[in-house]
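Here's a short set of exercises with worked solutions. Load up the coordinates, try each task yourself, then read on.

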Protein chains: 2
Amino acid sequence: MDVNRLQGSSRFKRRAIKVEEAQRLLLEAIPPGYGEHVPLLHAAGRRLAAGLAATSDWPPFARSGMDGYAARSEDIAHASPDRPVELRVIGSVAAGEVAAAVIEAGTAMRIMTGGAVPAGADTVVMLEQTTDIVAAGQPAVLVKHAGKRGSNIAEPGEEFRRGDAIAAPGTLLRPGHAALLGAFGYANVPVYARPRVAVLATGAELQPIEATPAPGCIRDSNSAMLAALIAEAGGVPSLHGRLPDELTAVITALDTAAEQADIIVTTGGISVGDFDVMAAIVRTIGRQQREHSSVQNPMPAAGAEGDRLLFEKVAMRPGSPTSAAMYRGKPLIALSGNPGACFVGFELFVKPAILRKQGIETEQALPSETTAFLAAEFAKGSPHERFVRARTFVEAGRLFAEPLRFAKSSMMASLPEADALIRIPSGPAGAEQGSLATIIMLGRGPRFAR
Amino acid sequence: MDVNRLQGSSRFKRRAIKVEEAQRLLLEAIPPGYGEHVPLLHAAGRRLAAGLAATSDWPPFARSGMDGYAARSEDIAHASPDRPVELRVIGSVAAGEVAAAVIEAGTAMRIMTGGAVPAGADTVVMLEQTTDIVAAGQPAVLVKHAGKRGSNIAEPGEEFRRGDAIAAPGTLLRPGHAALLGAFGYANVPVYARPRVAVLATGAELQPIEATPAPGCIRDSNSAMLAALIAEAGGVPSLHGRLPDELTAVITALDTAAEQADIIVTTGGISVGDFDVMAAIVRTIGRQQREHSSVQNPMPAAGAEGDRLLFEKVAMRPGSPTSAAMYRGKPLIALSGNPGACFVGFELFVKPAILRKQGIETEQALPSETTAFLAAEFAKGSPHERFVRARTFVEAGRLFAEPLRFAKSSMMASLPEADALIRIPSGPAGAEQGSLATIIMLGRGPRFAR
């Protein structure tokens, strides 16, 4: 097949849709993935496939919050350094033990932090506020501070009642969840499988990272960047190599990717060039779909082989030729070969797809937006809205975003430092220094969170 | 050995030092770890062990930023849709190719995005602004827009000159670095080895996550939490199990940990309780050190076996009994068994130690602080400064931190939601709603960065 023929002059007539419309078309075409159980120690960073509930009250029993003496508050309501109260010590309870006796008037029990408060006691006095003595040959304690009902005791069910929800489906599991899930006995945790994301780079100029590029050639750095982005977003990247600008080779590789992966991401070949093979493939899918739907089957959602065009142009800078289709039933996201546009396209389309595959609803899978003050103007206007790489910082409680230099689509120098994208609306002017802008925080969050 | 005897009455006489002093004592005792080379595809999330430089100019040659025609700007300086300029097409250059001819007056060459701009050309006109024709039997092009010198061309060295620094030692490698390192041919990357961090939980009350706890017992959830925190901070956790409150068993486990790990973290047993085995060990190290230094060797930095007390109490809430020592030459950080205090102690001491082990200087290894407005008051005063779990959010460019409920040292319920710690100075009052507070952002950054 001849790429140039497939591209033809219609290559200039692609219809641009808005970013949100493109995101929704893509996300709504993606079915959630499947769940699996993983050991708690491997669950951090994964997304819950089911809601989890407290399996007991928490704390499960009245626990001492201090090393000290368990006693009855009415016995020591008026204790003071000058007028200490003497209590007979009838035993001790370490953490992990259960008291053998009940606290009655005039008695106390030595208790350690985490120990189960014995029946009859309703307060714990810190060790530092007592003195051990022997009275009439028996162990006793002088309590030198007044104790109040409930002091230094964590009541059962104070934090959770059995059956309380502790985490909703889709929750990103953080270290704090490990504590909760561990306490409630979730040794194995239901999580969504990490989506497998195939990466294909197209372009005759691409050479391996190990190579010394021939004149006119460059190394395929986008595959390495995409692999890192995919892993950071919770996916499992698999690199399907560098492909020449030849339709047959690319289709063969796409077919393999569609069999093996949950999401296919390509970089390169989506513009109006003579060899832009991904553009040719995407528009062929669109044309077959139109022919198919008008002739054989008036209302099919997908083509005969699970192919369906989702969009072939997006009203955005950089990366307006970014395209997406369902390919053999799998979402195929065709990103620009320009590193800056590839980076932005990942954040706007691939990361949400990875989240959606883990059961996240469309609204929550979209990039979360917040606001920041512009630390410098962004002077350039644009007919399409623009996503500008930026670094963020906080000064006196105000969040600032500074547009980075080397911001062109083809440029890489700003990528390591970028921790946010500033969203500049379309229009003749850019945005002024000090104005409030919408931003999208990237990846592992701002660099000021070290 | 008898824990109770070792603890004795001196257990109440531990000297508290300030948080910063404790952090510095710890970090200055830790030698950086060693470097290793990893494939670029596994380098994201690691810390560079050496500075890296550009191995060529970037771009390495004049690259076309568009699909179009390479031409001489002086030929088309006045081209317009009404008065197009006709140029003879003398060839084409795809990405990865090198032009076979030189552009002379009146000629142009078809060129694709990423193609090397042929000699003689100093501008590229977008395909959309041209029309292909045949003139006198030869291919030609009508240029309908004026072209300026340098338009749509990325000049060699525009982003980097060969030898320019691209990343400093200690840099956390993000996806954007993968792009740069890939472009410059770093197929293998020098990074610090991930520090191996041993986790030991002490306490007779602790049972496995899989267990149904006996009365008075709880599951060991701190080990699971610490493992997740360590992995998030870049370390490799290894769990050395739940240990009884017995000196011999704990010392045996610590010796094994000191042999196998770079950093040892314990949880539990550091307070004033009768069975607080870690407190007993730490203070034994301190006593041996004092005896050793006064009698045998007046100024040794470390004990005979590489043991040295660093601190045994910190002026902070929660977690004031947090202690640290060098144990058999390895940093040992003894955290509280209370989950809230364990969580805070990790952030203040263990995470900086993991960074220091990866070559980060003390100043940069300390938790990075920023400021936020308090979304609610924190009324409670404290004789020690306090680290309050909080969630952050942004409203109209202002960063807010909201103190979370369930904030007691023994409580877990706030841990999953906490993405920051508010630092409340010591004093009789707390901090008012709307006031500017110092905060430490945690782990993977704020939850508003999804």
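## Exercise 1: across the interface

Task: find what the side chains of B:Arg110 and A:Asp274 do where they meet.

Solution. Start with the pair itself: B:Arg110 and A:Asp274 form a salt bridge, N to O at 2.5 Å. The rule asks for a side-chain nitrogen of Lys or Arg within 4 Å of a carboxyl oxygen of Asp or Glu. Applied across the interface of chain B and chain A, that rule finds 2 salt bridges.

Before going on, some ground rules: this is a predicted model, where local features need pLDDT of at least 70, side-chain atom pairs count only at pLDDT 80 or more, and totals for chains, interfaces and linings use all residues. Residues are numbered from 1 along each chain as its sequence is written, chains are lettered from A and ligands numbered from 1 in the order in which they are written, and side-chain values use heavy atoms, with hydrogens and water left out.

Next, widen the search to polar contacts (a pair of N or O atoms within 3.5 Å; within protein, one must be able to donate a hydrogen and the other to accept it, and residues adjacent in sequence count only if both atoms are side-chain atoms). Between chain B and chain A, 22 residue pairs qualify, both partners at pLDDT 80 or more. On the side of chain B that touches chain A, helix α3 (residues 175–183) of chain B gives the largest share, 8 residues. Helices (H or I, at least four residues) and strands (E, at least two) are DSSP runs, numbered from the N terminus.

## Exercise 2: size and symmetry

Task: work out how much area chain B and chain A bury between them, and how chain B can be laid on chain A.

Solution. First, count contacts (heavy atoms within 4.5 Å): 97 residues of chain B touch 97 residues of chain A. Then take the buried area, the accessible area (1.4 Å probe) that two parts lose on being put together, summed over both. That comes to about 8100 Å², with 62% of it on carbon and sulfur atoms.

Now superpose, by least squares on the C-alpha atoms of residues with pLDDT of at least 70 in both copies. A turn of 180 degrees with a shift of 0.0 Å along the axis lays chain B on chain A at an RMSD of 0.0 Å. That's the relation of a two-fold axis. Also, 100% of chain B's interface residues are interface residues in chain A too, so the copies meet through the same surface.

## Exercise 3: strands and odd backbone spots

Task: trace the strand partners of β9(A), then check the peptide bond from A:Trp58 to A:Pro59.

Solution. Strands pair if DSSP finds at least two bridges between them. Strand β5 (residues 85–93) of chain A runs antiparallel to strand β9 (residues 138–143) of chain A, joined by 4 bridges; A:Arg88 sits opposite A:Ala140 there. Strand β8 (residues 130–135) of chain A also pairs with β9(A) in the antiparallel sense, over 6 bridges, and A:Thr130 stands opposite A:Val143. In the hairpin of β8(A) and β9(A), with 2 residues between the strands, A:Ala136 takes a positive phi near 55 degrees.

Most residues other than glycine have a negative phi, and most peptide bonds are trans. Against that background, the bond from A:Trp58 to A:Pro59 is cis, omega near -10 degrees. Another cis bond joins A:Arg317 and A:Pro318, with omega about -10 degrees.
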